[in-house]
Each structure stands twice: as structure tokens, then as C-alpha cells.
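Student: Could we go through this structure in short questions and answers? Please keep the reasoning explicit.

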Amino acid sequence: MKKILIPVLILLIAGTSCKKFLEEKPNGLLTPDNYYNSADQIRAAVNGAYLGLNSPFATGIGVAVSSVFSLEYITGYTQRPRPSGYEDNQFIQLTGLDQANGTLQTFWTSSYYPIENCNSIIANVSKSEVVAPAVRDNFLAEAYFLRAYYYFQLVRLYGRVPLKTTPTTNLENTQLERAPIEDIYNQIVSDLTTAEKAGLPWADKTGHVSLGAIKSLLAKVYITMAGYPLNKGNEYYQKAYDKAKEVIDGGQFSLFTNYADLRNPSNYNSGEHIFMIQHDENTIPNIMHFTLMPYPELPISIQPSYSGAMAPAQAFYDSYQTGDQRVKEQNFYFTEHAKYGDASTIIKLPMPYIYKYWNDQAEISGRDGSNFPLIRYADILLLCAEAKANVDGGITADATALSAYNKVHQRAFPSAAAETSITLDNVLKERYWELAYEFQTWFDMQRTRKAFDVANNKIVDLIGYKAPLHNREFREADLLWPIPLAEVQKDPNLGK
Amino acid sequence: MKFKLYSRPYGLISRGKHYCGGLLICLAVSTNAIAGASVSAANETSVKNSYRAAVTVKGTVVDEQGLPLPGATVRIKDQTGGTVTDVNGRFTLDVPDLNATLLITFTGYDPKEVKASDTEIKVQLLPNSKSLSEVVVVGYGTSKKANLITSISSVKGDALAERPTTINITQGLAGKAAGVNVMTNSGKPGGNPAIKIRGTGSINSSNNPLYVIDGVVGADPNAIDPNIVASVDIYKDAGATAIYGSRGANGVVVITTKTGKKNTSDIAFSNTISFGSLQRKVPLLDAEGALEMFKREYEYVPGRLAPHLDPTNNFARKDELFNPDGTPKYHTDWQDEATQLAVSHQHSLTFSGGKDDFTILANFSYKNNEGIMLNSYAKQLNGYINIGWDVKPWLNIKASLNAGGYQSNNVDINTLGLNAVREMYEFLPFLPVKYADGTYSRKGDYPGAEDSENPVKLLNSVKDVTGRMTTLGNFVGTFHLSKNLNFVTSFSGQLGSNYENYFSGNDVFGVSQQQGGVAQRTNILSSVWSNEDYFSYDNTFGKHHLNAVIGASWYDYVTSMTRAGAENFFDNTFGYYNLGAGSVIQTPGSSQIENQLNSFYTRVNYDFDGKYLFGASFRADGSSKFRGGNLYGYFPAFNAGWRVSKEKFFEPLLPVINEFKLRGSFGLVGNQEVGNYPTISLYNSTQSIFNQQKTSAVTLASFGNPDLKWERAQQLDLGFDMSFFNGRIELGADYYNKVTKDLIYFVQQPATTGYSGAYKNLGSIRNRGLEITLNTQNIVTSDFKWSSGFNFSMNRSKVLDINHDIIYTWGGRIMEGGPLNEYFGYVRQGVWTQAQAAEAAKFDRKPGDIRYADLNNNGVKDAGDRTDLGNAMPKWEANFTNTITYKNLSLYLDLQGMYGNKLLNLTRFIMTGPTINVNSYQEVLGAYTPTNQNSQNGQLRLPNDSFSDNEVGDSHYIEDGSFLRVRNIALTYRFKKSMLEKIKLTNLSVGVNVENAFLFTKYKGYDPETTSFDASLNQGVDVYQYPKPRTISLNLTANF
């Protein structure tokens, strides 16, 4: 029996030296232990922080269903030709938002996930010595800009939200309080002014963050701070004006001559396109071309069956003034199109549809690789004019403001004379017409608390206005979205 | 004495070398012990030789039918020495004198004693009336069933293969054991079965049992053919599973393959040919019905005409499809067109036998099973060889090798997409398969219908061929160190090569036309090596009986995946054979995953006089998936039994109740089947686009939890086994209460952390249930026999704690206090009628719109109106089999019943909405009309007519799935032995089977035993299920 014990002992001893046998081997996987050790690694991490820009388009999508459309549905100027469920209808009909509405969750996670990436980059790269300081600051500038962008998205949609600027290091105490709105804006301004000081170029044809994008976003932040809910007034309208003027005076951006140029791939990330979501046909395609097709489907593209997400309310479409080039066929809208594969057969659409995102290549390839504009020069020009009109008490004759306004207006009305003074309301209307269905209008309505009464062609107070497709008038409670239910369940502080 | 056994060089070869080192040491040390053993063996021999052989006894041993029984042991009672019968059942044995008593034994038969005689003896052995003397494989050993004090269900290999279409073991287990729920979830070849032993215990970890094949722990059950299985033992309680530690929580399925018998030779040849056809049809609309539906949709707006009735609408195929009056020219039943008579055949050839010290079995089998959907099939080719050899008195070796290939074409891929099975349901019946010009019809040929290819074209043009080539090799050496002590060492390797090849042509609309054709190839290579070393000890001291096992094991798993794909092929000839021909290259993928386990285990069983039985087992498992203090987990179990029938006071009852045993067990078993690397934070390598080009990008992916450890399933089992009237009635029952704690649970985190959550040991799920097994021999006469088997199971799950989270499943939700598999949704109250117009208007609805209950009474329809709608798992299930034998003819009848299981019929949901633009169920013609307001279906209309909702998983689509199925009828004729002897056959039988013969259910889909998703949390969700066939088979088995 003694002899038998020996193998037993061997087995047991073998066991005690088996720690290495049981070591985890994450082959080919990146872990914090082996990261941020080279410029290429930093570049890749910063590139990753851009992916959140497309998340509202691409999260939880269905057939012509995407959360991003909610930003237009809620304005009341947008119809949805393809029937949808109650979640979309709460926006389309303005029946009040259910806290469990998936759109709320989409925008929340589409902001906080990339923010955490930015936090991680900022924390790790700030202390990194693997790249020269100037290179490092440029990387950081991109991360600061993106973090500002995501917080700007959050604070406008939800108001008070948690402000977290350092990376998560453990999962204890993960419940956070909601920060005051002003603190969030201060952080955004701080991030953008830090980014502004780095040495990024004025424009970046590849689609990375540029100085022009930073200044433009800062202008948008300032004009929002000037209006609701912070109401910082003229000081910030002036800041917005100054910042927009810097963009204009920088001379790097210009309006395209034709609206079709907005859709031309060779113009991406240049000219009028200050900052865009970058797409390609295969890896990160754009959803807009196919989802905005007519529904019930009409054979005007190789893949017409995922259609019917958005179309203009007829009343909004009709609000464009006679002669406005933007409603000319196949500029911003279309009412007929050639049959796919048969140019001689013209198919009439039952109502106007949006043509802004039509992609000629996608029509035949079935894949939409077009970029999506996030900040357009036209937006900055109109913002400049609006800020100055505010500073000047509702009407202005400032040369920069006039020039900015006229550039946009005269593109729409080529034969119109240049205006010599502009009212705030006219600038606001111009913004509705120019920036329609670019997911900007709702934020304008929020910060100005004004709506465009399309039936009477005038700017009116938002509260109390019933938009064409809504069941009822806007109320104050409609202006901010509730914090998503699942998040409140995970972090009860958010309910406070 | 400490040495480094594993110096950790990377790579398999060097690691293998170290294993060898370990073995050699064990062998070297063992040999000393063996030397001692062989000395004592030599002594015994000399004792035996001291007999002066006085008489030579000759005789024959026959079975119950009077046929020779080869391999039976014949020995002199109370003495050593003996012999076994030869192939003709004959034996010759020298005995000291004619007073000697011979003891004749054979596994599965009652032993018999006869007086020695100088004349020829004929001994007839009868099969065990009491299955209690059967031997059951327990972890690292065997046990007599009588002494078993754990809950183990045993299934014989023959029963496993009794349904001819069975191609994998899981399928074969359906209905065979109480407490083992096997859902055959699809009608496609292979059946897509899901097994749950005593319910679902895990949310984020696997719910599959551990498979052990001939001692190879963690083997792939799909790697072997059911043909070569001798028996399957299913361990259900912790008393049985705890010795498998961190992998036993979902039960353990122990498969023992066939071996040859000593001193026999046998050739067995079996053949089956079977014919499968649609068991029943779903009541879909015919051509006139579908057109009536479209007509009504258009008539929602008075005066609006459907395209086939509108004289101004001259769509392309109108004249080909319709007569001038709008009646259809074609009447196509797509359930006929897309299905076929599935002709399948299976062949198996087995050579088996052995000599005094040697056994061998070699099997070769081939199965070619067609599915009832066109072009669907599964083929399997398998070769198996098993050798046992008593090399030396002190050494027995067993070596087995199984190698096989499997291939199937999956026509049901892309469940929610426009796949062939879906189109069989949805394609319009007034369209032809092909037009006169030879082109396939498309649904969009009728204006306004959802456009897609027809199912026949899809079945012919889209291929998803998956397959595998597997090799399982196992080498076991048993050293008889002494009479009571064995040392067993085994090495096994499993090599697998799995593949998936996909091709869809450049002309398949909606699938691959856009991409110009898509071809993909995925290959997964896996290798698993394991080594088990254990000692087993068995001894009897007077009335005390002790059995003990102690051992250790090492397990190493590596799998790597490679994927490539291409698009845009100018020609379809290339299929998936030439990816280089595509002009667009898909992003390739690859990965490698490894994990290791190192374990130590022991078990001790003690019984006093076979009356009071005790057992304890313990396993320590080290897993590379965990770290630090959690590297090792410890899993103990205890069990005890009392054979009441052995007590004195029970004696008066013995003539009625021969056996009565009470037993109970309690233990802790683990589950470590979480995804890989949950303890490490990972970044995700992906792509961003800049300048229209792909650029490398990295994002945060997961947050590792270094403190993660096993799930623990704590299980109490109480049961009894009874046998009445000399085994005519056998009854067994178990109650269990299994609580899974420390769930490897994906704890949701606030999004502000940047992560959706992380794995944490948190939460608890309970499964309680009752299992009853009753086997009876109702009639036993020489010519007529009738026996029955009945098993009954019920299981109730309850989520005790999941961090107050709510997890949404398909049409359901998981929350604390409720059961798993619970449906959750809106309650449909019918349709708003004209009398209710004012009330409807408050909800923004009109008469003809679907009416949902406003359960939270807030005047709007919102998420708060949803409620629990029933459970997908049955309240109980039962299986009832009958075997009736009259002379050489036997009839077998297998009934399966399930009660109280609900299904979410998503197929019907998608197909019967008010704005349907594909074919529909006949019920849709009962939808609301102003003259038929009392309906459950909303008024038919076109999609852009006024808003109407139709909610996924509302109460209208939760259907009762209770059913009774005549699962199998088999009629077999065995030719008389006397007839066969002339043609040198030992056995010949022919039979006919009808599988899935009849189904009685109210369910409106093809079959209520189904799911289209993961079965553990989404059982019963039916999305265009592949229909189950009724299969008629003819079979012939011959033994030489």
C-alpha cells in the first residue's frame, strides 16, 4: 500500500505546480495591460471615439426604424409614411414620452459609451510619453472635441445628466448624481477651448476633427447657452457671433454653388461640410438613402424595400416660398423619379419625399456609403446672423451678419436682391428651410423656444403651438426627454 | 519532493511532452506495485494446480429462447477457476468431484447453480427479471443498480436508436428519461434538439449538460453515431454529478460505447430506408382567398380597387396571372412545392467478438437523411473501433477510435430574413413557381406585395452547408494493483474540424443580388486533450462494503476560427469554391480561444450488508477562466440510501414488494461555462472610416471581473425505488430542489460607466420538480407479452434574485419572483366596433382597429399595459411506451404528451396583421368588416392607410401548445431461429416504423415542440419553423 501512495503524492504535487497550466491566454486580444504604448495605438483609440457619432443612426434599428428620426418626428413637421409602433408614435403624435421608450436609451448610451472612450483616451494619453507633446495634444484635441460633442448632445436632450470625465476603474459605486446644466456646459466649453489651443489644421479632408469644427461647435454651444435653458443672453450671443465670425474669417469654408454639390462625394469634409459622420459602402454604411425612399415601395432604386422613415409634412413643404431653389425637384425634395433601370419611365410619388440624402451610387449598388453632414457652413452662417440679430435687439444691419445671411438666402433665391437688414424671425425661418431634416431643427426649437407656424408663415412661441402632425400643442414638459427607465433602475440617483 | 511538471512553453507539442513525463513517472511507480500483484497471482495459480482433476464436465448454456449463449462464465461455486462458454455456448470444465456445484453467470441474466454431472449438461439462463442487478456507470466507476443511491436514468443504446431518423444522441434521448426534457425543435434532419436536465438554471452561462464518452469528460456528443452507443446514463442529482465538479451543474450525460464480447463472433448488418412527408399543413389562404384579402385591403377606402381588379392598372404580369374577370390562372400550394418526399437511408455494419483475453468491435455506418424541404439534408459517415485486451494478468487496456464526417444543408438560416422556409409560408398562391418563359415568380410581381424570391428558387439558389470532421481517440490502461485496487490512466484526444460554407447567387433578389452574390467559408479547428488518472478500491469486510476512487485530471482546449468571404461574382459557377473570383473581398476574421482545467476528485461509497448505503464525493477544479483565490473551486456531495426491503420487518411484504429503497442526496455542483476571458478587461479592435477608407479603430469592449468564480448549483434530491411482483412492476420517483446561486450573471451597469455591464457572481434561480418512472410487464405468457414504460416530469422555475433587473427575451421577460420562459405583452381584447367608436377615439383608434386592454388605466396605450401571458415550458410532460409481442411479431407504440406549454406564434403575428402584404392564414378572412364586427383581427387595409398597431407577442399570438403525439409506431418481425440456422444467420428481423405518426394539438403552427431561438430562455418562439415530417421506415437487421 505504501507504494501506491507514491503516485497519489505525485499527482497531488503536480497539482500544486499547476498554476501556470491554468493561466489565461487571451490570444490576439487587446487589454489595458498592452495598450497606449505607441502612437498607432493612440491613433486607433482616438479613431474609435468617432464611432459614437453614428450610434443614434445604427442602434436598435428595424425596417426603416432608427432612433435618430425621433429628433425630426418630435418637431411635428415630419411624417412617417411607413406605420410604426408606439415608440415612434409618441414622438410623431406628441402623446408624451414613455420612460421605457427605446429612443431615450439609444441616445443615452450613444453618448455615454463614446464619452467613456474619450475619458479613457484623455486619462491615458495625457500622461503618455510615447509621442511628442505636439502630436499628443492633437490627439487629445480630437478626444476633447468628441467628448464635448457627446455631452452637448446629452445636455440638450435630457438637461441635467451625470458629468463624468474620468475613466471607470472599478464597478463599485457606479451610481452618479445628475449635474447642474451649467456645470455640463462649462465642461463642454472647457473641453472645446482646450481643443482649440492644440495645433489641429483649419480643415481636414479625411474627416478628422479640425480647428474649423472645434470653433463651429463652440459657436453652436455659445448660442445654445445664450438661449434656453441657461438664458445667458447677449454676452453669449456675442460670443457665438464672434466664434462664428472666426470661422467665416478663417476663409477655409464656403457654400457650394448647387445643392447637388452637398451630395457629391468629392466634396466631403471640405467646402460647406465642416464636420461629417464618415461612412463607406460596406463597413459603416449610411442608412439615409434607403430609409427615406417612398413607402409603399416604388421601384426607383435597386433596394426600395426598407423605405418610409420620414417625409416632410405637406404643410412644411408648402411653407417654402415661391421660387425657393430648395424645393426645386431633386434639390432637397422630390416628387417623381425615373424607374430603376429604365430612365424613360417616370414614377410619380404620392407626396414629396426628402432628396437631401439621395445617393446616385447607392441607387445602383444597393449600398449607401455617403457621409452625413453634422456641421454645415450654412448652419454657421445663419448662426452668425441669428446671434447678431439677437445682440442688436431682433434686427441687424451688421455687415458680417448680412453677408452671412445673404449667402444662404441668395443661393435659395438666386435672383433676389441682397437684404440690407434682417430680422431675427427671418433668420430663424431660413434655418428651418435650410437645415430641415438634418436633425438640427429640434435643438433650434428648444433653445429659442420658438416654432415656425407654417400655416401662417410666422415664428411663434413654441409652448402652445400645435405642429402640423402633432395631436396637441407643445408643453414645457415636452422640451426635455426623461432619463431612460432602465438607467434610473440601475442608478436611482437619476430619478432625483 | 517538488518538481515543476509544467514549465509552460507556448504550444501544444511541448505541453504534450510534459504529459508524457507525468505518465512515465506514474507508470514507473505503479510497476512496483504491479510486480507485487503478479507474485500473488502466481501463488494462486499454484494453488489451482494442486487440484487433481477428477471429472470433466461438459455442457451448453442457452438463453431464454434456447439459443446458445456465448461468453457466459462457468465456475465452481466457492472456488476459484472457471471458464467461459464458446461461440456455440459450450463449455468444458474440470471439477474435483461430482459433488461440485457449478455457478453460471452472464451479464443481464439471473445466475444459475447446477450440480456437476458426468453427462452433458444443458443450462438455460433467463434474463434478469430485476433490472436492479444491472450495472450502471457512475463517475469513474460502476455500481450495481440495487446499490445506487443517486438519481440516474439509464437508456439502452437500442432505445436510443429506435427512431430511424435519429442522427444524433440528443435526438435519441427525447422522451427516454424523466426529468430530461429534450425538445426536438425543428423538423430538419438532426432535429435541432435542446436538452434541459431539471430545468434552466443559468441566464448567462450555458445550460447544456456535460457529456462524458467512455470516460472522456467534456466530449462532443455529436462526434459519435448513436449506433455505437451501448448505453447512456443521465446523472441528475448532485450526488451523481458533483464528482464532475465545475461542469456538472446542468447534469451529466454519460455515454458508454459498445464493445465486443469475449469468445464470440458476430456480424450485424442493419439497413433502413425511410420516406418523410409533411405531417400536417398550416391553414394558409389559397389563391382565391389571398386575392379576397387584397381586395378587402384596397376596399378599406371605398371605391379603391385592388390591382388585379383595377382595369387601369396594367402591371407587367397581369395577363399571365389573371383572367379578365380578375380570377387567378395559377393555384399554387407552396407547402407542396417547397417540400418533397424525403427519402433517407441508413446502413450500419458491425463486426464484434473476442477471445479469452481480447474483445473487439468495429462499426461502419452511413446515413443519408433528406429533409422534407427541397435540398435540405444531413449526411453522416462514421467509423469506430474499440479494442479491449487483458495484456497481462495485471493489465487491461482499452483503445477506441471514432472518426466521422457530417454534413448538412441548412435552408432555414437567417431566421427573420426572407429565407426559403419563410417564403413557403408567405408566398402568394396565385403566383406560379415559374412562368411560361422559364423565369421564377417573385412576390413583387403582384403590385404592393412585399418583394422576394419564391421558396423554390431560394431552396435551389442559396446554400448553407455546415459540417464537421471529428476524431475521438481514447486510450485507457487499467492496472490491477491487487485484488481490490486498480489504477486507471487514460489519455484522450478530440480533434474537430468544423466548417460552414455559404453561397447565394448574384441573381437572388433580397438576399445577395445587391452584393452580386455572396460566398463565405468559415473553418473552426479544435483540439481537446485530456488525461485522467485514478485509483479505485473495492473491498468487503464481512458485512461492510467499501468502494473508493481518488484521482486527478488535466484538460486542455484550443479552438481557432478562420473566416473569409467575397462578393460580387460575375458568374454563379464559382459557388463557395473560388472566393478569389469575387471582386469585393469581405473583411476576414480569425480568433483563437484556449482554456484549461485541472481537477482532483475522490468518492467513497460504503454500505453495511447492502442495507444502509452512504456515499460522499468531492472534487476540486482549477479553471483557467478564473483567477487568484477563485482559481480552484470545491464541490462536495453526500448521499445516503436505505434498502428497507432488506430489513427483517419487511419480510412479510417481500412476495409483493421485492425491493424498496429510499435515497437522498445533497451537494454542490458548478457551472463555469461563461464566455471566454470574463476576468480580463478587453478592448475591441474595429474599424472607423476616414476619407471613405477603413482605418483601424479601438474601443472599450468589456470590463473584466478578476473576482469571478463558478456558479454553484445546490441540489437536494429525495427519491425511492420499488419493485413489485418479482420485478413485474418497477416504480421510481424523485423530488428535487435545485437552487443555482452565484449565477455568473451579466450585471447591468449604468451607461455612465461606459459599459453595459460585467460578469459578477450574483443572483439565484430555483428549479423544483418531480419525476416518476413506472415500468410494467402487464402480460407475460410464453407467446404473448405486453410491457409498458411510463415517465412523467414536472419542473417549476423561479427567479429568486437577479439584482432587480428585468431581462427581455423574445416576447417575454425575466424578473425576480417569476418563472423563466414567461411571456409578457399586451392583452388583445378584439377589435373596436362601431358601437365603441367614442371610446376608441380616446385611444386615437377607429372601429376596425385592434383593441388592447388599458391595464394601467391611464387612457393611452403604453408599455405599462403589458402583463404576463403564460409560460413556454410545459406544466408537465409524460412519455408512454408499449411493447406488445406475440410470438415473433412485436409492436411498439410510443406516445408523448406535454401539457400547459405556451408558444409565441410569431409566424402568425407577422402574417395576420391588418396590413399584411404577403400570404396569410385563413383566419384573416374573418377580420373585422362593417358587417362582421366581432373579430380578433383588425380590419384589413393597406400599410399607409390610417395607423393601426399589431403588437409583437400580444395575447392573440400566445397559443396553447399542449399536445399528444404518437411519436413512434414500430412493427417488427423476427424470423424463427430454426429457420435461420439453415442460412447461417443467427438473427433476422424486418420491421416498419411510423415516426411522428399523429399529432393532436390546438396549436396553429406546424408543431408546438419548437423554437427558432436559444431554447434555454426562448423556448416556444416560433418564427417560420421548419415543419416536422411524418416518416415511414422499413428496416432489416441481420446477424451472422
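Tutor: Start at one residue: A:Ala240 touches A:Ala219, A:Tyr222, A:Ile223, A:Ala226, A:Leu383 and A:Ala387, leaving out residues up to four places away in sequence. Contact here puts the C-beta atoms of two residues, placed from the backbone, within 7 Å. This is a predicted model: local features need pLDDT of at least 70, side-chain atom pairs count only at pLDDT 80 or more, and totals for chains, interfaces and linings use all residues. Residues are numbered from 1 along each chain as its sequence is written, while chains are lettered from A and ligands numbered from 1 in the order in which they are written.

Student: Which helix gives the most to the largest nonpolar core?

Tutor: A nonpolar core is a set of buried Ala, Val, Leu, Ile, Met, Phe, Trp, Tyr and Cys residues joined through C-beta atoms within 7 Å. Buried means 20 or more other C-beta atoms within 10 Å of the residue's own; exposed means 12 or fewer, and partly exposed lies in between. The largest core has 141 residues, and A:Phe145, A:Ala240 and A:Cys384 touch the most other members. With 16 residues, the top contributor is helix α7 (residues 133-158) of chain A.

Student: How many residues are in the second, separate core?

Tutor: Its members include B:Tyr852, B:Ile910, B:Tyr928 and B:Tyr1003. The count is 70 residues.

Student: What is the radius of gyration of chain B?

Tutor: Chain B has 13 helices and 52 strands; these are DSSP runs numbered from the N terminus, with helices H or I of at least four residues and strands E of at least two. The globule rule, 2.2 Å times the number of residues to the power 0.38, is set against a radius taken over C-alpha atoms. For 1040 residues the rule gives 31 Å, and chain B comes close to it, so chain B is as compact as a globular protein of that length. Its radius of gyration is 32 Å.

Student: What share of chain B counts as buried?

Tutor: The C-alpha atoms fill a box of roughly 115 × 70 × 65 Å along the principal axes. Of the 1040 residues, the buried share is 48%.

Student: Which strand supplies the largest share of the side of chain B that touches chain A?

Tutor: The contact takes 75 residues from chain B and 74 residues from chain A. Several elements of chain B each supply at least two residues, among them α1 (12-49) and β24 (518-541). The largest share, eight residues, comes from β31(B).

Student: Which strands of the sheet β4-β1-β7 in chain B stand at the edges?

Tutor: This is an open sheet of three strands with mixed pairing; strands pair if DSSP finds at least two bridges between them. Six bridges join β1 (residues 55-62) to β4(B), running antiparallel, and B:Lys58 has B:Thr92 as bridge partner. Two strands have a single partner each, so one side of each is left without a neighbour in the sheet: β4 (90-95) and β7 (121-124) of chain B.

Student: Which residue of β52(B) stands opposite B:Gly991?

Tutor: Strand β52 (residues 1029-1039) of chain B joins β17 (residues 264-278) of chain B through 11 bridges, antiparallel. Strand β50 (residues 987-1001) of chain B also pairs with β52(B) in the antiparallel sense, over nine bridges. Opposite B:Gly991 stands B:Asn1035.
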